[in-house]
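Subject: A structure for you to look at

Hello,

Here is the structure I promised to pass on, with some notes to read beside it. Please open it first and then go through the points below.

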Amino acid sequence: MTASQYWHLGVGVLALIALTYAALRAGRVPLRWEPLYALARGAVQLALVGAALRGVLKAPPTVALALLEIGRA
């Protein structure tokens with residue numbers, strides 16, 4: 001990704017956080033930092049899954065193993 005793409009991604013994430021916070025405040029939902037924690041946790045989980053998939057897809061034999069594991073689940 002280029003620096004511009006990272007910039008746009010960051011702006012988009014911040015916009016979603018602001019929109020979430022505004023909607024919760026407008027609805028007078030008494031959640032303080034929980035939505036921010038949830039967004040951070042989701043970002044970490046997606047990053048870990050992305051890293052795992054990148055590792056699996058770089059080695060062709062592991063793709064077949066991963067598909068077999070998914071099929072058994």
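A word on naming before anything else: helices here are DSSP runs of at least four residues, numbered from the N terminus. With that in hand, H1 is followed by Arg28, a residue whose phi is positive, near 55 degrees. Please keep in mind that this is a predicted model.

How sure is the predictor? The mean pLDDT of the protein chain is 84, and 99% of its residues reach 70 or more. Confidence is highest in H1, at a mean of 89, and lowest in H3, at 79.

The overall picture

The protein chain holds three helices and zero strands. Read from the N terminus, its elements run α-α-α. The radius of gyration is 18 Å, well over the 11 Å that the globule rule gives for 73 residues, so the chain is more spread out than a compact globule. Along the principal axes, the C-alpha atoms fill a box of roughly 50 × 35 × 15 Å.

How much of the chain is buried? Of the 73 residues, 3% count as buried. The accessible surface comes to about 6,600 Å², and carbon and sulfur atoms account for 72% of that.

Helix H1 and its surface

H1 has 24 residues and reaches 34 Å from its first C-alpha to its last, close to the 34 Å expected at 1.5 Å a residue. Tyr6 lies in this helix, which covers residues 3-26. Together with Met1, Leu9 and Val13, Tyr6 forms a nonpolar patch on the surface, and the four have about 440 Å² of accessible area together.

His8 is found in H1 as well. Is His8 buried or exposed? Its relative accessible area is 54%, and the cut-off for exposed is over 50%, so His8 counts as exposed. His8 and Gly27 are 19 residues apart in sequence, and their C-alpha atoms are 28 Å apart in space.

The loop after H1

Arg28 lies in the loop between H1 and helix H2 (34-58). Its phi of about 55 degrees is positive although Arg28 is not a glycine. Arg28 counts as exposed because its relative accessibility is 75%. Its C-alpha atom is separated by 29 Å from that of Leu9, 19 residues away along the chain.

Helices H2 and H3

In H2 you will find Glu34. Glu34 counts as partly exposed because its relative accessibility is 44%, a value between the cut-offs of 20% for buried and 50% for exposed. From C-alpha to C-alpha, Glu34 and Leu14 are 16 Å apart in space, with their positions 20 residues apart in sequence.

Does the length of H3 agree or disagree with what a helix of 13 residues should span? At 1.5 Å a residue, residues 60-72 should span 18 Å, and the end C-alpha atoms are 19 Å apart, which agrees. H3 is hardly covered, as the count of buried residues among its 13 residues is zero.

If you have only a few minutes, I would start with Arg28 in the loop between H1 and H2, and then turn to the nonpolar patch of Met1, Tyr6, Leu9 and Val13.

Best wishes, and enjoy looking around

Key: Residues are numbered from 1 along each chain as its sequence is written. This is a predicted model: local features need pLDDT of at least 70, side-chain atom pairs count only at pLDDT 80 or more; totals for chains, interfaces and linings use all residues. Side-chain values use heavy atoms; hydrogens and water are left out. Patches are made of residues with over 30% relative accessible area and no salt bridge: like charges are joined within 9 Å, nonpolar side chains (Val, Leu, Ile, Met, Phe, Trp, Tyr) within 5 Å. Accessible areas come from the Shrake-Rupley method with a 1.4 Å probe; for residues, only the protein chains shown count as cover. A salt bridge is a side-chain nitrogen of Lys or Arg within 4 Å of a carboxyl oxygen of Asp or Glu. Helices (H or I, at least four residues) and strands (E, at least two) are DSSP runs, numbered from the N terminus. The expected span of a helix is 1.5 Å times one less than its number of residues. Buried means under 20% relative accessible area, exposed over 50%, partly exposed in between (1.4 Å probe, protein chains only). The radius of gyration is taken over C-alpha atoms; the globule rule is 2.2 Å times the number of residues to the power 0.38. pLDDT is the predictor's confidence in each residue, from 0 to 100.
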